[in-house]
Structure formats: structure tokens, C-alpha cells
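Welcome to this short tour. Open your viewer, turn on the selection panel, and follow the stops below at your own pace.

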Amino acid sequence: FSFFVDEAGMEIQGLQAIFDTDLEIKGKSPWKISVKITPTTDAKKNHVSVKLNVTLPPEYPEEVPQIIVELDKGLNTHHREVLQKLLADKALECVGMGMMFDVTEAAKEYLQKHNEVEKSEHELMVERMSKKTAKASMEDLAKSENKAKNEYISSLEWVVQNSAKAVTRENFEIWKKKFDAEGNKNTTIIFEVKKASKTSGREIFEKDLKLGTGEPEAKAGEVFYFNATLYEDDDLDDLEEEEVETKK
């Protein structure tokens with residue numbers, strides 16, 4: 001055991017007991033090692049693996065070691081870059097104390113999260129295309145929902161703009177044409193009956209809004225519900241004839 005006389009050597013001795021033949025000592029001054037990291041101890045279940053080529057500086061552990069990630073099985077260069085940064089950050093967290101066990105454990109945890117069968121370039125391309133298509137579909141769906149929402153809001157603009165006015169045959173017809181043009185067949189709009197300066201709410205509903213439905217006469221301050229599916233297209237024509245007879 002005289003070979004492992006310094007602090008770094010003692011730490012490497014502990015790692016050697018853990019990794020056995022997966023750890024190879026490349027040099028002593030400074031200490032250089034190569035450690036193979038796998039997700040599990042069962043070789044049949046390991047679809048990925050890397051090698052950590054580590055050089056411990058003379059000032060270790062007050063100075064971080066040089067760690068180079070070498071791809072061994074199943075991972076691509078993107079994984080290598082991510083893992084390289086992950087291990088560098090872990091080493092910085094542990095400055096001032098033995099850190100190689102923590103570094104190797106961090107590498108093992110990363111491999112466990114990405115322990116998948118290696119995919120071919122074609123499979124990766126298909127996967128990227130599928131994700132792109134799915135993203136485009138979600139964007140199209142969001143656009144459709146926004147369009148429907150905007151159309152619904154548009155159909156209510158007349159009501160908002162005329163909320164302070166009494167409902168008359170003329171302004172109701174203007175709104176109804178816009179309402180029908182936008183295809184709002186099953187939408188119910190609520191009108192609050194307002195008193196006009198020249199025509200009472202009772203007269204408005206008797207002449208203009210009753211539309212032959214047999215509904216009770218509405219009074220000012222009550223609510224009128226309009227749904228396009230409840231009325232025929234010629235109802236307003238009947239209303240006009242009724243008004244002419246009343247004037248006679």
C-alpha cells in the first residue's frame with residue numbers, strides 16, 4: 001500500500017476497490033486515471049457507458065481535477081457535452097475535499113437517466129420530424145382556438161357598443177345580420193331591456209322582439225334571450241307586417 005501514500009492516492013485506492021478492473025491507473029505524478037462508468041452492475045442492462053479520463057493536480061483537492069468525458073457506448077456528442085459540464089460543476093462544488101466519488105456518482109446518475117438502446121440516424125431523424133409535426137399541430141390548434149375566440153368576441157361587439165341604447169327593431173336587425181353572417185347558430189345572447197326616450201320598453205318588445213313566439217311581454221329592466229335557432233328567417237317580415245297594421 002506504499003504506492004498510495006498521499007491523499008489523492010488514498011482516494012484512488014478507494015475508487016479502485018469500487019470499480020475494480022473498470023479503473024485503470026495511467027500515472028502517479030500527477031495522478032492520472034481512467035474510469036469506465038456504467039448505469040448498473042448488470043452488463044446486459046447497460047445500453048450506455050462512458051470513460052472518465054482524470055488528472056489530479058498536485059494541489060488537489062484544493063484545485064479541481066481535469067476531467068475529460070470519453071464516449072464509450074450508446075451516447076452522442078450532445079450527451080458528452082452535457083455530461084462534461086455537469087461533472088465540472090460537481091467538482092467545483094466539492095473543492096477542498098475528496099471529490100472523485102461524488103463525480104463518478106454524478107456520471108452514473110446521468111447514465112441511468114439516459115440508459116436507452118442506441119438509435120440509428122434514421123430513427124433519430126424520424127423522431128425529430130415527429131416532434132416537429134406535433135409542435136406544428138399544437139400551434140395550428142392554438143391558432144384555431146384563438147380565431148374562434150376572436151370571432152365570438154366579434155359577434156358581441158354590437159352588444160357592447162350599443163349596451164347603453166334601447167333595443168329597437170332597426171338596431172336589432174343590424175346586429176342580427178352580423179350575427180347570422182358569422183354563423184353563430186347556437187349562441188345565446190342576452191339583451192337587457194332599456195327604456196328609449198320616445199318608445200317604452202313594453203312597446204319595443206310588443207312590436208319588435210316578440211317575433212310571434214308567444215312569450216310574455218317584457219318590461220323595462222327585464223332580460224331578453226336571443227338564440228338564432230329559435231326563430232325562422234321570415235319572422236322579421238311578419239313583424240314588419242304587424243307594425244303596418246298597428247299604424248293603421
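**Stop 1: a pocket**

Begin by selecting I18, F19, D22, K36, I37, T38, T40, T41, N46, E105 and K108, which line the second largest pocket. Keep in mind as you look around that this is a predicted model. Three elements each give two or more residues to this lining: α1 (7-19), β2 (31-37) and α3. The space inside the second largest pocket comes to about 240 Å³.

**Stop 2: helix α3**

Now follow one of those elements, α3, which covers residues 100-113. Its end C-alpha atoms are 20 Å apart, in agreement with the 20 Å that 14 residues should span at 1.5 Å a residue.

Which residues of α3 are buried? Select M100, V103, T104, A106, A107, Y110 and L111 to see them. Looking down the axis of α3, you will find these buried residues within an arc of 155 degrees, so they line one face of the helix. The general pattern helps here: an α-helix has 3.6 residues a turn, so residues three or four places apart point the same way. For the surroundings, show α1, β2, β3, β4 and α2, against which the buried residues of α3 pack.

**Stop 3: A106**

Zoom in on A106, a residue of helix α3. Is A106 buried or exposed? A106 counts as buried because its relative accessibility is 11%, and the cut-off for buried is under 20%. Setting aside neighbours within four places in sequence, the contacts of A106 are L86, L87 and K90. Try a distance label too: from C-alpha to C-alpha, A106 and L83 are 8.9 Å apart, with their positions 23 residues apart in sequence.

**Stop 4: helix α2**

Next, select residues 77-93, which form helix α2. These 17 residues reach 25 Å from the first C-alpha to the last, close to the expected 24 Å. Colour H79, L83, L87 and A91, the buried residues of α2. They share one side of the helix, because they cover an arc of only 100 degrees around its axis. Their packing partners are β3 (49-56), β4 (66-73) and α3 (100-113).

Turn the view to the face of α2 that points away from its buried side, and the exposed residues T77, K85, L92 and E93 appear.

**Last stop: the cap**

What caps the N-terminal end of α2? Select N76 together with H78: a side-chain oxygen of N76 lies 3.1 Å from the backbone nitrogen of H78.

Conventions
Residues numbered from 1 in each chain as written. Predicted model: local features only at pLDDT ≥ 70, side-chain atom pairs only at ≥ 80, totals over all residues. Heavy atoms only, no water. Helix = DSSP H or I, 4+ residues; strand = E, 2+ residues; numbered from the N terminus. Expected span 1.5 Å × (residues − 1). Buried < 20%, exposed > 50% of the residue type's maximum accessible area, 1.4 Å probe, protein only. Arc of directions from axis to C-beta. Contact = heavy atoms within 4.5 Å. Polar contact = N/O pair within 3.5 Å; in protein donor to acceptor, adjacent residues only side chain to side chain. 1 Å grid on protein atoms, 1.4 Å probe; cavity = no way out; pocket = protein on both sides within 12 Å on 5 of 7 lines; lining within 4 Å. Points joined across faces, edges and corners; volume = space filled by probe spheres on them.
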